[in-house]
Each structure stands twice: as structure tokens, then as C-alpha cells.
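Hello,

Here is the structure I promised to pass on to you. Please have it open while you read the notes underneath.

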Amino acid sequence: MTFTPFKLLSLQGKAKVLHMSWMAFFISFVVWFNHASLLVLIQQDLGISQTEIDILLLLNVALTIPARVATGMLVDRFGAKISYSVLLAVCSIPCFMFAAADNFAELAWSRFLLGFIGAGFVVGVRIIGDWFPASQVGTAEGIYAGWGNFGSAFAAIFLPGLAFYFGAEHGWRYAVALTGAIALLYSIVYYFSVENLPPELAGLKTRRPLAMEVSSIRDLFLYMFSLIPLYATISLLAWKLAMPATPVLSQDWHLGIQLTVWLLFLAHAHQLVNNNADKLSAPIPSIHHYRYQQVFILAIAYLVTFGSKLAVLSMLPMFFFHTFHETQGIDMLDAGLLASSFVVTNVVARPAGGWLSDKIGRKLSLTLFVAGLALGYLAMAWISPDWSIALSVAVTLICSVFMQAAEGAIFAFVPLIKRSITGEVAGIVGAYGNAGAIVFLILLTFVSTFSFFLMLGGACAILLGLIYFLREPKNFITEIMPDGSLVQIELD
């Protein structure tokens, strides 16, 4: 099958789908992080404590882990068009709830529910994977994620000024509510602007699974094993929120949540076995084979890359402040600006990582990027008051470029594992990224910053060993036609 060339500036065909999808992801990130730059105003208005602010930040990412797994299944079942539209519309509700909150409890519940909008990333990965051929999918996924991720920076830059425009006392409420209104309106625009599949593939049969299909008993056990860290992370969050220092949950609630989490894990595993039992009892045609090991390695890769990014972003301003405050006289505002160098490269580096994957191969490019990231983190470990600020920022920028490019390379891989389950694969890989952030942040509380960066470099070194076992994806997909026949469709 022949695909048309990729023209980024076009507003037709697959380019239109890309632009509509990265904008949806951009809006979801604006909504997801619309509170971050307004916390001082919120604290002044409602009189909440610093501990309660820390809890809000934690709750904001708590639901994203299960949400990405669940959304991956839903998008494979119902398609990206309706999934993204419903997600944006439904998540506008807790956004409005947050804007109207009058106390910490209302802020906490609405912030927790808003974590679901972070699952929007998975939906875009699926639709772009369906519209773009293998020779272009890395570039397209990189643009989608890189430009969409900029929504958090956009919110930090523009929402404080918008809040003051509406009025210093309650302006934050109007700014937050406006982002919810934009998400609600765009959900309608998105629904009427995109289609799940390009015209060439419009006749393909929609897959409606109850759980991900695997192609061997070994993969079935590996999949169940890979779910344990995700449920364990949610369990860890519940434990953290029930600690005496941050008693958001009572002991009864804590025990109830722990029981629920692990019962859900057992139910998930049971459904997975039931969904695959009949298929695995007989030989599976080779045309349906894929290796879940590929998914698991990519999930760990995203845990190390995206997870470390979120953790470093959380500690970098204070790190720069404590390192250079006495020797070079920087204040917290200066430190925040220096720390922003760690994310400013995302708009270019992540698409570049996907583009290079398309050109030189996905496994090779991911290996190069992770090796560079390992060296970058090791270099950051040695930043000290004796360094110049310019050199410190340069090292941070170089480390960031490799990290963002590695993320782009990972999601150049994801849509090519098995096209019919791209949503579920993206859901698991994306959820591991959020889980990694929580794990690294908890570890940071026990070690020095020097040890923390060394630990991140060591994690990258271990990841390099795992990448060796990745296999370069094939350049075709297998699909079911309306008459039930199987066809292989060339992607290049």
C-alpha cells in the first residue's frame, strides 16, 4: 500500500490528524497543570498549608497510572475519535470543580479526578500510529508528544497573568475555569474534525477486546508480572497519604484502598487469563505473533526516561538554589529559570528523536540516546558551587536533549509492536513513566543529590543492557478485513 508524503504544514489528511491531536494533548496538559503556577494565589485565597500543597501535587498524578492503562484498552475498543472527545469533555467537570472549591478537601478530590486527563497521551499515540507509516511514525509521534507537552509550560507562563487580569483575589478561579471551558469546546471540535483511520484502511474491522491478547504462555505470565509495579505504585501512594505527617486518609480508608487495589489487580489478571485461555490452548498463527518482552522493555525505558524527567524537574530549582546561592548569589526566581533549561528542549528534541529513529533505526537510536543520558546524569552529579552557571546549564541542556530524544525514540517503537493493540501498549508504557516519577521522588528523600544523579545514571546503564534484547519492528501490519480474511499491509 502506498502512503502519501508527509507535509507538516498541510491541514489535510494525516497532517490534519496530527495537528488536531497534538493540540488536544496540549490542551489536556494545560488543564492537567493549570494549578501549578497558581498555587501561591490559591494558598492565599483558601489558607491551605504547604503540606496540603504538596499533597495536591501528589494527587495530581495519582490517577494517571491506572487511567493510562484503562484508556489504552478503551481507545483500542472504541477508537481515538470518541475516546479523546469524551476524555476532554468529562475532565472539564473536575476542572470546574477545582475552580469552585472552597476548602482543601474539595481541591484534593477535584485534583485527584483531574489526573485522568493525563491519559489523553495514550489516545493520540493510537490515532497517529494508525495514520502514519513506519517510515514517518517516529517523527509524527515525536511532534505529537513534544508539542503537546509544551502545554504545561504554556500554563505556567500565561495563567498567572490571566489570573491577575481577572482580579488578584479570585482571578485564579476564572483562569482555571477558562481552561476547562476550552477543553469542553475542543472536545466537540475534535470529534467533528478527525477519523480513526485513513481512507486506505477505513474498511478494517474494529477490534473490541476485554483485555490485551498475548501470543504465548510465557508472555501471559510476563504481562501479569509487569502489572504488579503499577498497582504497587498506587498502593505506595495510598500509604504515603495515610502517614501521620500527611493524614489525608484515615486508617480505615487506607486499608480499604489497599484491599481494593489488590482485588483489582487479581480481577485484571483473571480477565487477562480468561481472554487468552482459548487462544493459547491451540497453536496461534505466526501472523498474529508479537513478543510482550518488547512492551516490557519499552515500559522500563519510559520509567527511566520520563520518570527521571519528572523527578529531576521537581528537585532541580532547589538544587540550583542551594548550589549557587552563596557562591553566585542567585535567588529562587533565578534558580527556577535555570531549571527550566531541562524542559525547554522538549519541543525540538523529542520530535528529533523520533525522526532519527525513522532514519537510522529505532533500536540503534534508543541505544545512543540512553547512553548519552547516562553520561549526562553522571556529569550532573558533579555539579558543584565551583562550577560556573553557564557550564552547569550547558550540562543540564545536553542531558535534557538526550532524555527528550530517548522518549521520542521509545514512542517511535510503540505503534509498531502490534498495530491493533497500540492503545494498550501505549497505556502500559505511559503508566510506567508516571510510576517511575513517584519511585524516583521517593528515593530522593533518602539520598543526597549527588547519589541521586549517580543512581539515575546507573538506571540508564541497566536500561542499556535491556535494550540489547529489543527487536527492530517489522515494516508491515496484519489486519482483519470485513470478510474475515487476513491481510498484511506494507507500512513503508
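Below is what I found, going from the whole chain to a few particular places.

Please keep in mind that this is a predicted model. The protein chain has 492 residues, and 54% of them count as buried. Its secondary structure comes to 18 helices and 2 strands. If you look at contacts between residues at least 6 apart in sequence, 82% join residues at least 24 apart. About 20600 Å² of the protein chain is exposed, with carbon and sulfur atoms supplying 70% of that area.

On the surface, have a look at the nonpolar patch of about 760 Å², which is made by L74, F78, I82, V86, V90, I188, Y191 and F192. Helix 4 (64-78), helix 5 (80-100) and helix 9 (171-191) each give at least two residues to this patch. Helix 5 provides the largest share, with 3 residues. F192, another member of the patch, sits in the loop between helix 9 and helix 10 (217-241). Its relative accessibility is 68%, so F192 counts as exposed, the cut-off being over 50%.

Now to the interior, starting with helix 15. This helix covers residues 362-381, 20 in number, and spans 29 Å from its first C-alpha to its last, close to the 28 Å expected at 1.5 Å a residue. Its buried residues include R362, L366, F369, G372, A374 and Y377.

Y377 is the one I would show you in detail. It lies in helix 15, and because its relative accessibility is 0%, it counts as buried. The side chain of Y377 makes a polar contact of 2.8 Å with that of S308. Leaving aside neighbours within four places in sequence, Y377 is in contact with S308, K309, V312, F342, C399, M403, F453, L456, G457 and C460. Of these partners, C399 is 22 residues away from Y377 in sequence, while the two C-alpha atoms are 6.5 Å apart in space.

The last place is S400, which is found in helix 16 (residues 389-413). S400 also has 0% relative accessibility and therefore counts as buried. Which residue does the side chain of S400 join through a polar contact of 2.7 Å? The partner is T345, again through its side chain. Not counting residues up to four places away in sequence, S400 touches S341, F342, V343 and T345. You will recognise F342 from the contacts of Y377 as well.

Happy to go through any of this with you.

Best wishes

Key
Residues numbered from 1 in each chain as written. Predicted model: local features only at pLDDT ≥ 70, side-chain atom pairs only at ≥ 80, totals over all residues. Heavy atoms only, no water. Patch = residues over 30% accessible without salt bridge, like charges linked within 9 Å, V, L, I, M, F, W, Y side chains within 5 Å. Areas by Shrake-Rupley, 256 points an atom, 1.4 Å probe, with all protein chains shown as cover. Salt bridge = Lys/Arg side-chain N within 4 Å of Asp/Glu carboxyl O. Helix = DSSP H or I, 4+ residues; strand = E, 2+ residues; numbered from the N terminus. Buried < 20%, exposed > 50% of the residue type's maximum accessible area, 1.4 Å probe, protein only. Contact = heavy atoms within 4.5 Å. Polar contact = N/O pair within 3.5 Å; in protein donor to acceptor, adjacent residues only side chain to side chain. Expected span 1.5 Å × (residues − 1).
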